[in-house]
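Please look over the sequence and the model shown here before reading on. The report is meant for a reader who has not met this structure before.

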Amino acid sequence: MDCEKRIRELLDRYFEGGTSLIEEDELRSYFSANETVAPDLEYARRMFDGFAATARHEVPSGKVSVPRIRRSVRMSLAVRISVVAASVAVVATASWRLIGHNQNKTVYAYINGMAITDQQEAMEQAEKMLQQVAGPLSQPVEELRRLSEINEKIGAALQNTNVN
């Protein structure tokens, strides 16, 4: 039990990057020597087994020759034609989108997802929207003006009565 507790502590430090090489060797030795470990340590055993299997993989020394794959002339010609055709398609699409498609059309506004390209129509729509917003706000302002006028008349009437 004491050994498993130490292994758990070492694993925590290992995953935090705080173990020394000697402690990492201790973890490798523990998991390579014990085929059966606690169920909550099984993931670590599999991980260290994988590390060991990778380390055992031998890389050939010296020069490694890679066989050359001979391509057929017909295949490389087909690839070249495809690349040229794709390039022409990209250039044509970009030209159409950037130059020809939206020529002389300035977007002044977007209303409900539709582009408005007529300046007069954009102005009319803007005024219409402002009227919708300002309509309810203008009624209290008119009432305040009327109250202000009444207040001025009462003030003037009071001054006339005080003067007399």
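What follows goes from the overall layout to salt bridges, surface patches and a few single residues.

## Overall layout

The model described here is a predicted one. The protein chain has 164 residues, and its secondary structure comes to five helices and two strands. Read along the sequence, these elements follow the pattern α-α-α-α-β-β-α, with the two strands placed between the fourth and the fifth helix.

Of the 164 residues of the chain, 11% count as buried. The accessible surface of the protein chain comes to about 14600 Å², and carbon and sulfur atoms account for 57% of that surface. When contacts with a separation of 6 or more are taken together, 29% of them join residues that are 24 or more positions apart.

## Salt bridges between and within helices

How many salt bridges does the structure hold? There are eight salt bridges in the structure, including the one that Arg13 forms with Glu23, where the closest N and O atoms are 2.8 Å apart. Arg13 lies in helix 1 and Glu23 in helix 2 (residues 21-33), so this pair ties together parts that are 10 residues apart in sequence. Arg13 is partly exposed, with a relative accessible area of 33%, whereas Glu23 is buried, with a relative accessible area of 13%.

Another salt bridge is formed by the side chains of Arg28 and Glu24, with 3.7 Å from N to O. Both of these residues lie in helix 2, four residues apart, which is about one turn of the helix. Arg28, with a relative accessible area of 37%, is partly exposed, while Glu24, with 17%, is buried. A further arrangement is a network of salt bridges that links Glu4, Arg8 and Asp40.

## Arg45 and its surroundings

In helix 3, which spans residues 42-56, Asp49 and Arg45 are four residues apart, about one turn of the helix. The side chains of these two residues meet in a salt bridge, with 2.6 Å from N to O. Asp49, at 30% relative accessibility, counts as partly exposed.

Is Arg45 buried or exposed? Arg45 is buried, because its relative accessible area is 15% and the limit for a buried residue is under 20%. Not counting residues up to four places away in sequence, Arg45 touches Phe31, Asn34, Glu35 and Val37. Phe31 is thus one of the residues in contact with Arg45, and Asp49 is its partner in the salt bridge.

## Surface patches

Which residues form the negative surface patch? The patch is formed by Asp2, Glu9, Asp12 and Glu16. Of these residues, Glu9 lies in helix 1, which covers residues 2-16, and at 43% relative accessibility Glu9 counts as partly exposed.

A nonpolar surface patch is made by Leu144, Leu147, Ile150, Ile154 and Leu158, and its area is about 510 Å². Among the residues of this patch, Leu158 is found in helix 5, which covers residues 119-163.

## The strands and the loop between them

Ile111 is found in strand 1, which covers residues 109-111, and at 22% relative accessibility Ile111 counts as partly exposed. Leaving aside neighbours within four places in sequence, Ile111 is in contact with Ile116 and Gln125. The C-alpha atoms of Ile111 and Ala122, which are 11 residues apart along the chain, are separated by 9.0 Å.

Asn112 is found in the loop between strand 1 and strand 2, the latter covering 114-116. This residue is exposed, with a relative accessible area of 78%. What is the phi of Asn112 near? The phi of Asn112 is near 55°, a positive value in a residue other than glycine. Most residues other than glycine have a negative phi.

How values were computed: Residues are numbered from 1 along each chain as its sequence is written. This is a predicted model: local features need pLDDT of at least 70, side-chain atom pairs count only at pLDDT 80 or more; totals for chains, interfaces and linings use all residues. Side-chain values use heavy atoms; hydrogens and water are left out. Patches are made of residues with over 30% relative accessible area and no salt bridge: like charges are joined within 9 Å, nonpolar side chains (Val, Leu, Ile, Met, Phe, Trp, Tyr) within 5 Å. Accessible areas come from the Shrake-Rupley method with a 1.4 Å probe; for residues, only the protein chains shown count as cover. A salt bridge is a side-chain nitrogen of Lys or Arg within 4 Å of a carboxyl oxygen of Asp or Glu. Lys and Arg count as positive and Asp and Glu as negative; His and the chain ends are not counted. The place of a charge is taken as NZ of Lys, CZ of Arg, CG of Asp or CD of Glu. Buried means under 20% relative accessible area, exposed over 50%, partly exposed in between (1.4 Å probe, protein chains only). Contact means heavy atoms within 4.5 Å.
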